[in-house]
Amino acid sequence: MAIFIIISVLGVSISFYYMHKELDYIDLLSQAMESLRARTELKTEIEALTRVSTLDRKEEALSLISRMEDSLKVCTGCHGKGHHSSVAEIKNVILDLKDRSFGSVQYYKTLERLVSLYEEASQRGDMLINKRIARAEALSLTLWEIFSAILLGLLFVLVLFSLYLNRRAKRHMEGILEAVTALTEEEDLPDALFQDEFRKIGDAFKNLQQELRIKEEKLRNWADNWQLTFDTVEEMIALSDLEGRILMYNRAFRDRFGDSLEGQDIDELIGRHFPDNRKSLIRECIRTEKTHKEEIGNSEQTIEISIYPLKNREGKTVGGIWIGHDITVEKELEQRALHSEKMVALGELVAGIAHEINNPLSVVVGYSEMLYSDSALPRQYQRRLEKVYQSALRASNIIKVLLEFSRKKPARLIPCDINEQINRTLGIMEYEIRADGIELNKELSSERLILADPIQIGQIFVNLIKNAHDAVIENGSTKEIHIKTFHDRDYVYAQVADTGGGISKKHLHRIFEPFYTTKDVGVGTGLGLSITYSIVKAHGGDIEVENNNRGGATFKLRFPQYREEVREDIDES
């Protein structure tokens, strides 16, 4: 920049100097041109004087001489100091001419001398004018060359300065780009990235980076805390846009419906998992801006869903919120509670009916046995009475089972080993099982005591193993019964599985109801599993049943492990 200023000042100074000289020469040329005009007039007057003198017209001649004197008054040596003598000499000749006698020889000699001097002065004046014009032209050319050189020099300096600025700007633009890249990649800015007049930009970038890091850290902490809270909620939660496309979801939703769900239609996603509930629930909620609640489910799970319109700070609906609560366990507990209430009601009803039937039935059994034993009766009557006796006896046994089922006497609870009760039951039934070609597999854990009535526990396994035996004999292609026990810190578990035909879904939830059986008429009473269910519940345990993937069914039992506090809890119940 300093070089540019120096060259500019120097160029202006030189140009001003030469311009001043050029003006001087122009002034001299102006004077010379005025002298040239005077010479031209003088020439005209001399030519007229010569012509008038030839015609002897004295008065005109004198007038012309006076006019020449006037013309020479403006000529004061404009052609330079060296020409003053010529002008003075011409003036003297004119004065001398006035003194000469008009028409004399001396007059004509003087006139000739005037013409000669004029011609000589005219030639010298023309030469001087040409010389001054040439010098003026040379000075103008020099001035133009100097001006052009200065202009080119300034242009060159401007080009160099522009290149310098461009290079600096490019370097600092690269620095800005590098700074932006460092900001995006969360890297520290180098100290040498910005220098000189761009140092303030570097400081501004560093301050911006520091502020961004602070805000990013706050935003990251907020997002982590929000996502942590979002994922901690046990309910399944998903947010959608106005079209029902999933924007985000929590961990419970991902665990139930899978990962990478962003952008999917939430109603279609739910419909794939719950085919009977293919509805546009969330879009309907967004359209009406009203909360919607209902239960959806399939054979494995029941979910209570709540759908809300998602609104921004201005109160405008921008999407939807889908919340699902798994109520499968609650539904099962509700069904079990209803089943328990049904069992209690049935037990009371059965007890009343059994007592009413048992007395007259005892009379029928007693008298039929007496008549059946009377040898005086004909044989055919004895056979008929035998059938009456056997039928009445069977009915009496059913009544006894019903009374046992409905009786609320407390069980005789003692610490007992569940494995021992299984082995005792198998000691009675194993021969029949193996005789029917059924493979019996046992997988019993180490001894773990439960607080129970051994006789009732044995009755449980008699019922379950008998049912497994009948199922394998009836429908099993592979004849196997698997009995397994295991335990954890709080409970002892037992499982009885078979390879029979399994239990159909329509019967699965009713098999523990009294008198409900899938066997043929006269084969079962429908009370075995009901009694089993009652015994398990009376011991503070639980019983479940499920179909196996490869066929058959598995009954799962769970009893509390024996501890003194467990006995106190059961006694109180």
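**Exercise 1. A loop residue with unusual backbone geometry**

In which loop does S260 lie? Locate the residue in this predicted model, then describe its backbone and its accessibility.

*Solution.* Step 1: S260 is found in the loop between α6 (251-257) and α7 (266-273). Step 2: its phi is positive, about 55°, although S260 is not a glycine. Step 3: most residues other than glycine have a negative phi. Step 4: the relative accessible area of S260 is 55% and the cut-off for exposed is over 50%, so S260 counts as exposed.

**Exercise 2. A second positive phi**

Determine where E289 is placed and whether it is buried, partly exposed or exposed.

*Solution.* Step 1: E289 belongs to the loop between α8 (281-288) and β3 (292-297). Step 2: the phi of E289 is positive, near 55°, in a residue other than glycine. Step 3: a relative accessible area of 43% falls between the limits of 20% and 50%, so E289 is partly exposed.

**Exercise 3. The largest nonpolar core**

Identify the residues with the most contacts inside the largest nonpolar core, and the elements that supply it.

*Solution.* Step 1: this core has 37 residues, and F461, F555 and L557 have the most contacts inside it. Step 2: at least two residues each come from α11 (418-435), β8 (449-452), α12 (454-475), β9 (480-487), β10 (491-498), α14, β11 (542-547) and β12 (553-560). Step 3: α12 gives the most, with 7 residues. Step 4: leaving aside residues up to four places away in sequence, F555 touches several residues, among them L464, V496, I511, L529 and I543. Step 5: a separate second core has 21 residues, including M236, A238, F257 and I266.

**Exercise 4. Helix α14**

List the buried residues of α14 and describe the residue that follows the helix.

*Solution.* Step 1: in α14 (residues 528-538), the buried residues are L529, S530, I531, T532, Y533, I535 and V536. Step 2: G540 follows α14 and has a positive phi, near 75°.

**Exercise 5. A nonpolar surface patch**

Name the members of the nonpolar surface patch and classify L160 by accessibility.

*Solution.* Step 1: the patch is formed by L152, L155, F156, L158, V159, L160 and L163, with about 670 Å² of accessible area together. Step 2: L160 lies in helix α4 (residues 105-184). Step 3: L160 counts as partly exposed because its relative accessibility is 42%. Step 4: for the whole protein chain, 36% of the 573 residues count as buried, and 55% of the accessible surface of about 35,300 Å² belongs to carbon and sulfur atoms.

Notes: Residues are numbered from 1 along each chain as its sequence is written. This is a predicted model: local features need pLDDT of at least 70, side-chain atom pairs count only at pLDDT 80 or more; totals for chains, interfaces and linings use all residues. Side-chain values use heavy atoms; hydrogens and water are left out. Buried means under 20% relative accessible area, exposed over 50%, partly exposed in between (1.4 Å probe, protein chains only). Accessible areas come from the Shrake-Rupley method with a 1.4 Å probe; for residues, only the protein chains shown count as cover. Patches are made of residues with over 30% relative accessible area and no salt bridge: like charges are joined within 9 Å, nonpolar side chains (Val, Leu, Ile, Met, Phe, Trp, Tyr) within 5 Å. A salt bridge is a side-chain nitrogen of Lys or Arg within 4 Å of a carboxyl oxygen of Asp or Glu. Helices (H or I, at least four residues) and strands (E, at least two) are DSSP runs, numbered from the N terminus. A nonpolar core is a set of buried Ala, Val, Leu, Ile, Met, Phe, Trp, Tyr and Cys residues joined through side-chain atoms within 4.5 Å. Contact means heavy atoms within 4.5 Å.
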